[in-house]
Amino acid sequence: MKNNKILIFNPKSGNAKHRIPNSILQVAASIHGKYEYVLVDGNLEKDPFLKILNYLETGEYKYFCSTVMPGPQLRQAIPFTKKVRKLFSNTIIIWGGYFASNQYGVCMDSNLVDYIVNGPGDVTFPSLLDILEGEKLDKIAIDKKLGEIENLVFRNNDGNIVKTKKEQLLDQDTLPNLPYTYLDTFYPLKNYLAKTFMGKTTLSYHSSMGCPFTCSFCGIVPIFGGRWKGKSAEGMYHDVKYFKEKHNIDAIEFHDNNFFTSKKRVLEFSNLILNDNIKYWGEGRIDTLNKYSDDELKLMKQAGCEMIFLGAETGNDEVLKQMNKGGTQSGKMIKEFAARMGKSGIIAEMSFVLGMPADTEEQVYKQILWDINFIKEIKEINPDTEIIIYLYSPTPTKGSKLYQQILDAGFSFPETLEEWILPSWENFDLRKNPLTPWLKPYMIDTIKNFETVLNGKYPTVSDFRIHGYKKKALGLVSNWRYKTGFYKFPYEIKVLHRLWKYRQPEIEGFYSE
């Protein structure tokens, strides 16, 4: 009986229809055919720990691996890992994902995690297994070998945490295909293909790694360091055709950090997919997409580009500098691009970050009111623009000016994993109540009340249940508030939102069924 099998776990991320767990599939692809492994998806299991327990009790599993994103996934990742450590003390525990990479010190100090894959694991994960499964060496020799693996965090023989150097991003076309058919043996793929506002059968797909920018507020910067690599248009189209032929997909959510980085790739893909009647959504930057011509945006629309998520952040150029947004984005450009998107027919989904630190309380609040007015200007220019509002939750790059600013303002991160799963810190991860000392309760009320009124007057198209009389009713009760700027106590709108279970895409993604 083999006793070196691997269990790869995807903790539950939400309560709604779930997407293909691309993160664990990417890791699985790196060992597929070389090591035996099983997949456990916390989203689709009624009792995921019982499933894990059943596997581990066979005595065949030596490794428990989990992807760990900030927010809801922590609620399973942390307690489940504690149980595994307690019940199966010889099990080797490996974490990956944004949370593990960005908070590696807390994770390693918990004594629950043995290794962290600090970034893409395509090479790191199999290399780590090769050493652990290889010839027996003394601890010093093992430390030396582990130190040569890029993208790895481990504790050496002296008890020190070692963070190895970052790996160059790999040519995405050279990576093995994701083991979709193997996933299908655990969970039917059709259960991951959802009906959304774009289509009846929506695929979630990841076509690139990283982002070429280094915004001070962004959690992926420490992981990718301003680097980006994308799969070729032909490679993407090959996968899309597979799902079109096998599962009749008619829509795609591209979950890349920056899908539109390469205009050449996007336009090639647009031409390839032009006649396949597939709609899609992806994330991009305003200053990058502003370099696309009107004809190129028109081609993308014809090829199915339905909506683009754009990190507008703020229209205040000084605050953009504070965020180290980089590139050429400005408040003027945001307005102009909102107008261009209106003409193109592609929906602009713009996110704004409110509640940045400032020298005084008055300045913080003044900027919040300024941002609210700017958002209303954008809606005047292009009413079809979707607005996403986040409260600033610090994930600054160490050493940046913004990092020092939040420390000076008295902010600090949790020092234990237990603190991270307190409800207050979950809201931090969802960027809805970040516990920042400079953001006062009345400021949060102002932002949230405005957001409620905005979502009443302009319900998102991504929740396709809100249409017809529901949309009219929300508009009627919200109009006077929106026009007069009286946002306090919008209980009547909240009642309707609750009654119709209105879904904000920034919390659990697009409504789907």
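Where is Thr201 found? In this predicted model, Thr201 lies in the loop that runs between α8 (180–186) and β8 (202–205). Although placed in a loop, Thr201 counts as buried, because its relative accessibility is 17% and the limit for a buried residue is set at under 20%. When neighbours within four places in sequence are left aside, the residues in contact with Thr201 are Leu193, Ala194, His247, Asn248, Ile249, Asp250 and Ala251.

The hydrophobic interior was examined next. The largest nonpolar core comprises 138 residues, and Trp95 and Met300 are the residues with the most contacts inside it. Leaving aside the neighbours of Trp95 within four places in sequence, this residue is in contact with Ser66, Val68, Ala77, Ile78, Thr81, Ala100, Cys107, Val113, Tyr115, Ile116, Val117 and Leu417. A second core, separate from the largest one and consisting of 10 residues, includes Phe197, Trp281, Met307 and Ile388. As a general tendency, nonpolar side chains in soluble globular proteins are buried together.

Two helix pairs were analysed for their packing geometry. Helix α2 (residues 48–56) packs with helix α3 (residues 74–87) at an angle of about 30°, and the two axes are 11 Å apart. Since angles under 35 degrees count as roughly parallel, α2 and α3 are therefore described as roughly parallel to each other. The crossing in which α2 passes α3 is right-handed. On the α2 side the contact involves Pro48, Phe49, Ile52, Leu53 and Leu56, which meet Gln76, Phe80, Lys83, Val84 and Leu87 in α3. By residue class, the contact of α2 with α3 divides into eight nonpolar residues, one polar residue and one charged residue.

In the other pair, helix α13 (residues 294–302) and helix α15 (residues 331–344) pack with their axes 9 Å apart and at an angle of about 50°, and α13 and α15 are therefore oblique to each other. The crossing of α13 and α15 is right-handed. Asp294, Leu297 and Lys301 of α13 make the contact together with Phe337, Arg340 and Ser344 of α15. The residues of this contact between α13 and α15 comprise two nonpolar, one polar and three charged.

Helix α13 also takes part in the surroundings of helix α11 (residues 263–273), in which Arg265, Val266, Leu267, Phe269, Ser270 and Ile273 are buried. The elements against which the buried residues of α11 pack are β9 (208–210), β10 (228–230), α10 (233–247), β11 (251–254), β12 (279–284) and α13.

A buried helical position is also provided by Ala28, which is found in helix α1 (residues 22–31) and has a relative accessible area of 0%. Not counting residues up to four places away in sequence, Ala28 touches Ile8, Tyr37, Leu39 and Pro179. Ala28 and Lys244, which are 216 residues apart in sequence, have C-alpha atoms 23 Å apart in space.

Attention then turned to backbone conformation. Glu313, which is found in strand β13 (residues 305–313), has a phi near 70°, a positive value in a residue other than glycine. This glutamate is buried, with a relative accessible area of 5%. For Lys501, phi is near 55°, again a positive value in a residue other than glycine. Lys501 is placed in the loop between α22 (491–499) and α23 (505–508), and its relative accessible area of 61% makes Lys501 exposed, whereas Glu313 is buried.

Lys501 is also among the contacts of Asp463, a residue in the loop between α20 (441–457) and α21 (468–484). The relative accessibility of Asp463 is 0%, and Asp463 therefore counts as buried. Not counting residues up to four places away in sequence, Asp463 touches Lys501, Tyr502, Arg503 and Tyr511. Asp463 and Lys501 are 38 residues apart along the chain, and a distance of 9.6 Å separates their C-alpha atoms. Thus buried Asp463 touches Lys501, a residue that is itself exposed.

How values were computed. Residues are numbered from 1 along each chain as its sequence is written. This is a predicted model: local features need pLDDT of at least 70, side-chain atom pairs count only at pLDDT 80 or more; totals for chains, interfaces and linings use all residues. Side-chain values use heavy atoms; hydrogens and water are left out. Axes are lines fitted to C-alpha atoms, for helices over the stretch in contact, and angles run from 0 to 180 degrees between N-to-C directions. Helices (H or I, at least four residues) and strands (E, at least two) are DSSP runs, numbered from the N terminus. Angles under 35 degrees count as roughly parallel, over 145 as roughly antiparallel, 65 to 115 as roughly perpendicular and the rest as oblique. A crossing is left-handed if the near helix is turned anticlockwise from the far one by less than a right angle, and right-handed if clockwise. Contact means heavy atoms within 4.5 Å. Ala, Val, Leu, Ile, Met, Phe, Trp, Tyr, Cys and Pro count as nonpolar, Asp, Glu, Lys and Arg as charged, and the others, Gly among them, as polar. A nonpolar core is a set of buried Ala, Val, Leu, Ile, Met, Phe, Trp, Tyr and Cys residues joined through side-chain atoms within 4.5 Å. Buried means under 20% relative accessible area, exposed over 50%, partly exposed in between (1.4 Å probe, protein chains only).
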